[in-house]
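Trainee: Could you go through this structure with me, one question at a time?

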Amino acid sequence: MDFDISLMRDDRCTVVRVQGDIDVVSRTRFEETLFEVVDSDEPVVVDMREVTFCDSTGLNALVAANRRALQRDGHIALVALPPRVQRVFRITGIDRYIPIYDTLREAIVAFPSTTTP
């Protein structure tokens with residue numbers, strides 16, 4: 001499956017929808033897109049339901065984007081990882097640093113509220 005990435009903006013976050021393999025070929029586009037969204041100071045949800053493969057370069061791109069988000073007091077969450085992809089996140093321990101949710105709704109609800117009392 002060819003790599004594709006698209007953005008969907010919501011009032012609570014930006015959803016980055018990823019499709020195909022996240023690897024050395026697609027890493028630059030993946031990382032640049034993540035950084036662009038992180039730099040907009042919006043919470044980011046990466047929808048990975050259609051990711052077929054993620055190698056170490058893809059993991060590094062997510063770790064770098066998460067680090068950048070944290071430096072800006074931002075948030076990144078991952079959603080709907082296929083079992084094969086989720087296994088890589090567990091083995092590497094990245095799931096301890098970047099939250100993973102089953103659904104988009106769960107991820108959005110977990111973000112801190114941006115409204116003031």
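Trainee: Leaving aside its neighbours within four places in sequence, which residues is Thr-33 in contact with?

Mentor: Keep in mind that this is a predicted model. Thr-33 has its place in helix α1, which covers residues 27–38. Once the neighbours within four places in sequence are left aside, the residues in contact with Thr-33 are Ile-5, Leu-7 and Val-16.

Trainee: Does Thr-33 count as buried or exposed?

Mentor: The cut-off to apply is that a buried residue has under 20% relative accessible area. The relative accessibility of Thr-33 is 14%, so Thr-33 counts as buried.

Trainee: Which residue forms a salt bridge with Asp-47?

Mentor: Asp-47 belongs to strand β3 (residues 44–54), and its partner, 30 residues apart from it, belongs to strand β2 (residues 14–22). Asp-47 is buried, with a relative accessible area of 4%, whereas the partner counts as partly exposed at 36% relative accessibility. The closest N and O atoms of the pair are 3.7 Å apart, and the partner is Arg-17.

Trainee: What separates Glu-31 and Arg-27 along helix α1?

Mentor: The side chains of these two residues, Glu-31 and Arg-27, meet in a salt bridge at 3.1 Å, N to O. Because they are four residues apart in helix α1, the separation between Glu-31 and Arg-27 is about one helical turn.

Trainee: Which residues are linked with Asp-39 in a network of salt bridges?

Mentor: One salt bridge joins Asp-39 to Arg-72, with the closest N and O atoms 3.8 Å apart. Arg-72 lies in the loop between α2 and β4 and Asp-39 in the loop between α1 and β3, so this pair ties together parts 33 residues apart in sequence. In the network, Asp-39 is linked with Asp-41, Arg-68 and Arg-72.

Notes
Residues are numbered from 1 along each chain as its sequence is written. This is a predicted model: local features need pLDDT of at least 70, side-chain atom pairs count only at pLDDT 80 or more; totals for chains, interfaces and linings use all residues. Side-chain values use heavy atoms; hydrogens and water are left out. Helices (H or I, at least four residues) and strands (E, at least two) are DSSP runs, numbered from the N terminus. Buried means under 20% relative accessible area, exposed over 50%, partly exposed in between (1.4 Å probe, protein chains only). Contact means heavy atoms within 4.5 Å. A salt bridge is a side-chain nitrogen of Lys or Arg within 4 Å of a carboxyl oxygen of Asp or Glu.
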